[in-house]
Amino acid sequence: MGAIINISRRDFCKSSAVLSGGLVLAFYAPGYGSRVAEALAAEEFIPNAFIRIAPDETITVIVNKSEMGQGVYTSLPMLVGEELEADWSTIRFAPAPVDDAYNHTQWGPMQGTGGSTSIRSCWGQFREAGASARIMLERAAAETWKADPADCKAEKGFVINKKTGRKISFGTLADQAAKQPVPENVELKPAADFEIIGTSKKRLDTPEKVNGRAVFGIDVNLPGMLTAVIARPPVFGATVKSFDDTKAKMIPGVKHVVQIDRGIAVVADHFWPAKKGRDALQIEWDEGPHASFNSDDQGREYLAIAETPGVVAVNRGDVKKGLAEATKRLDAVYEFPYLAHATMEPLNCVADVRTDFCEIWVGTQMQTLDRNAAVVLTGLPKEKVKLHTTYLGGGFGRRAVGDSHFVKEAVQVSMAVKAPVKVVWTREDDLKGGYYRPRSYHRLNCGLDRNGMPLALNHRMVNQSIVKGTAFEGLIKDGIDHTSVEGAFDTPYEIPNLFVDSHMAPADVPVLWWRSVGHSATAFIKECFIDELAALAGREPYGYRRALLNKHPRQQALLDLVTKKAGWDKPVVAGRGRGIAIHESFGSFVAQVAEVSVADSGRIKVHKVVCAVDCGKTVNPDTIRAQMQGAIIFGLTAALYGKVTFKEGRVEQGNFDDYQMLRINETPEIEVHIMESDEAVGGIGEPGVPPVAPAVANAVFAAKGIRLHQLPMTPELVRNALKVV
């Protein structure tokens with residue numbers, strides 16, 4: 001196994017000793033609760049420092065966000081390096097352990113990654129950490145030279161005496177700097193002086209991912225470790241009535257068969273005998289109340305629910321009066337299926353539970369909750385439960401679960417067999433075992449005034465709540481789950497009369513946030529419906545949007561940029577159509593133009609996507625482009641293929657053969673253009689997903705004259721729509 005960097009108390013103190021007594025310089029940002037300097041003096045380990053400077057001039061930034069491909073192991077150190085005045089070539093990174101000091105600055109007392117908040121939540125925190133360190137280094141240099149601190153200035157890894165020209169390196173100063181008082185207040189650099197922020201930096205995690213040293217959860221191996229594969233209920237809510245493990249135990253390599261809360265675990269020397277043992281189990285299930293659940297019945301149920309009033313999310317003006325006065329009216333229904341996260345690395349977790357300690361290795365987005373779940377199960381104090389965050393082979397929200405179920409499984413099995421255990425989910429286990437982006441149903445009615453502009457809009461939705469019944473239920477306010485209505489109740493389009501109400505559908509299926517969460521559906525509705533309204537009004541879709549966004553200059557500017565780059569005013573290639581969409585989410589704006597063709601079979605070919613993004617002040621343009629490219633591919637996968645269905649309580653899909661991903665040969669040409677901006681930083685991991693599906697659907701209309709109101713846009717759906725035309 002490659003090295004897993006963990007600043008345990010022992011390792012931290014050991015490093016300090018090796019580095020000649022205090023040459024490790026630990027800093028903290030005022031207000032974030034670190035007491036590292038005191039801890040070193042008292043030989044205590046309180047892992048809440050963000051920076052370590054070694055005598056070899058390497059600077060290690062401790063990152064409290066999980067790296068799942070979004071580039072935080074580079075972009076967050078860039079914030080520190082900027083204010084520290086570091087030589088970028090000396091910057092390293094290390095994942096943070098679980099500690100209150102690394103709690104999310106916006107989520108309350110927990111450590112976690114999600115909601116495209118990494119840069120937004122750490123923007124001040126990491127910069128202040130860097131600035132504090134810089135001031136301490138400058139003071140140390142001044143003390144060394146007996147100079148005025150005002151004459152000492154940090155620059156590219158050195159402190160320079162502006163009067164004498166002498167300079168001394170950070171590494172040389174580390175021991176002396178550690179003795180300096182920590183500044184209570186620091187002044188951050190103006191954006192005009194940035195030399196690192198806003199420049200494209202190669203990702204610091206790329207080399208070890210290329211040479212194979214990077215450790216994902218699935219790579220973890222411990223001495224004496226066993227592997228477990230679990231037989232989980234075939235129907236949500238089912239329980240074990242009885243089981244016979246005789247045949248499973250006959251499989252060579254199988255060591256144990258144990259029952260845990262979520263099923264029967266077969267524990268073996270390696271994965272394959274565990275898998276074969278799991279397959280050989282004979283289990284009688286009590287399938288519970290959801291044994292007859294199926295997607296068609298649920299669809300009819302949602303339709304019936306939509307006939308009744310929901311909880312009001314927004315009520316502006318008088319929608320009834322507006323609809324009555326409208327000169328033209330448009331009614332539409334939109335439907336979205338359950339979606340799986342389908343991460344490339346299936347779920348897994350390693351737990352080693354002993355009588356007096358517990359260690360966990362896991363790719364997770366919710367460190368604190370997972371650690372706390374292990375504390376409850378083992379009865380150990382939290383100081384005795386150590387969680388190592390590994391690389392995540394894709395997250396998309398799947399590894400941000402409030403119930404920590406995949407961590408609990410590993411802990412329970414390790415406790416049962418008294419050995420370190422890796423629990424591995426097969427891809428089928430995850431696709432069939434939840435959790436999913438909620439299915440939803442939407443009914444819209446809109447009236448236009450005599451100028452063709454929206455006068456009144458009524459939007460009713462039926463949507464299973466993500467947070468109801470979970471640790472995050474407090475997010476429900478006045479009966480509204482904000483994650484369901486985001487992107488709908490706050491539409492930027494000028495509509496004088498707006499009414500949105502929402503139903504929380506029965507919770508028969510485990511659901512979870514899925515990359516871009518509610519925006520993944522509401523953006524499709526907003527941008528397809530506005531395209532329909534433009535057509536009804538006899539207006540060109542770009543200009544129609546621009547007119548309706550006259551109070552939102554950033555979105556207007558982004559529309560101008562994307563259409564200019566896409567050649568919107570030029571003829572499209574014969575046989576193709578071009579569609580546009582724009583959406584705000586997670587503090588950023590993204591506009592996309594898709595160019596498509598539609599085969600006689602109904603299959604949609606996406607030839608090109610031009611993307612423009614305004615995410616405020618940029619940190620690493622390379623990362624922004626990569627996130628937009630990945631989001632477009634992710635969004636196209638869902639738009640063209642994604643659908644999870646149920647029959648007799650069972651998920652019908654199981655792997656990439658029937659839950660298809662976008663192939664390389666299907667991936668369109670993608671252009672990404674970043675809007676120059678000094679606005680506050682926005683999120684970047686999720687905002688690229690919502691616009692792509694409506695841009696494609698609108699392009700299909702431009703190519704074939706058909707409107708698609710469901711996802712995925714399958715050949716069958718397209719053929720049926722063409723028959724109507």
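This is a stop-by-stop tour of selected helices, loops and buried residues in the structure above.

**Before you start**

You are looking at a predicted model, in which local features need pLDDT of at least 70 and side-chain atom pairs count only at pLDDT 80 or more, while totals for chains, interfaces and linings use all residues. Residues are numbered from 1 along each chain as its sequence is written, and side-chain values use heavy atoms, with hydrogens and water left out.

Helices (DSSP runs of H or I, at least four residues) and strands (DSSP runs of E, at least two) are numbered from the N terminus.

**Stop 1: helix 4**

Select residues 118–145, which form helix 4. How far apart are its end C-alpha atoms? They are 39 Å apart, which agrees with the 40 Å that 28 residues should span at 1.5 Å a residue. The expected span here is 1.5 Å times one less than the number of residues.

Now centre on Gly124, where helix 4 bends by about 35°. That bend is the angle between axes fitted to the seven residues ending at a position and the seven starting there.

Switch on a surface next: helix 4 is mostly covered, with 22 of its 28 residues buried. Buried means under 20% relative accessible area, exposed means over 50%, and partly exposed lies in between (1.4 Å probe, protein chains only). Step just past the end of helix 4 and you reach Lys146, which takes a positive phi of about 55°.

**Stop 2: two more positive phi values**

Go to Glu85, in the loop between helix 3 (72–84) and strand 4 (91–95). Glu85 is not a glycine, yet it has a positive phi of about 60°. Is Glu85 buried or exposed? Its relative accessible area is 13%, so Glu85 is buried.

Then jump to Phe396, in the loop between strand 18 (385–389) and helix 12 (405–417). Here too a residue other than glycine has a positive phi, near 60°. Phe396 is partly exposed, with a relative accessible area of 25%.

**Stop 3: Gln412 in helix 12**

Follow the chain from that loop into helix 12, where Gln412 is found. Gln412 counts as buried, at 16% relative accessibility. Show its contacts (heavy atoms within 4.5 Å). Setting aside residues up to four places away in sequence, Gln412 touches Ile260, Asp261 and Leu377.

**Stop 4: two cis peptide bonds**

Select Gly434 and Tyr435, which are joined by a cis peptide bond with omega of about 5°. Tyr435 sits in the loop between helix 13 (427–432) and strand 20 (436–437).

For another, select Leu711 and Pro712: the peptide bond from Leu711 to Pro712 is cis, with omega near 0°. Pro712 is in the loop between helix 19 (692–704) and helix 20 (715–724).

**Stop 5: helix 15 against helix 19**

Two packed helices are described by the angle between their axes and the distance between the axes. Axes are lines fitted to C-alpha atoms, for helices over the stretch in contact, and angles run from 0 to 180 degrees between N-to-C directions.

Select helix 15 (residues 519–537) together with helix 19: they pack at an angle of about 30°, with their axes 8 Å apart. The two are therefore roughly parallel. Angles under 35 degrees count as roughly parallel, over 145 as roughly antiparallel, 65 to 115 as roughly perpendicular and the rest as oblique.

The crossing of helix 15 and helix 19 is right-handed. Residues making the contact include Phe524, Cys528 and Asp531 of helix 15 and Pro694, Asn698 and Phe701 of helix 19. A right-handed crossing has the near helix turned clockwise from the far one by less than a right angle, and a left-handed one has it turned anticlockwise.

**Stop 6: helix 16 against helix 17**

Move on to helix 16 (residues 541–548) and helix 17 (residues 553–566), which pack at about 165° with axes 9 Å apart. Helix 16 and helix 17 are therefore roughly antiparallel, and their crossing is left-handed. Show side chains for Tyr542, Arg545 and Arg546 of helix 16, and for Gln556, Leu559, Asp560 and Thr563 of helix 17, since these make the contact.

**Stop 7: two buried strand residues**

Select Asn497, in strand 25 (residues 497–504). Asn497 is buried, with a relative accessible area of 13%. Beyond four places in sequence, its contacts include Arg316, Asp318, Val319 and Leu457. Draw a C-alpha to C-alpha distance from Asn497 to Ala537: the two are 40 residues apart in sequence and 18 Å apart in space.

Finish at Ser169, found in strand 7 (residues 167–169). Ser169 is buried, at 9% relative accessible area. Which residues does Ser169 contact, leaving aside neighbours within four places in sequence? They are Glu57, Gly157 and Phe158.
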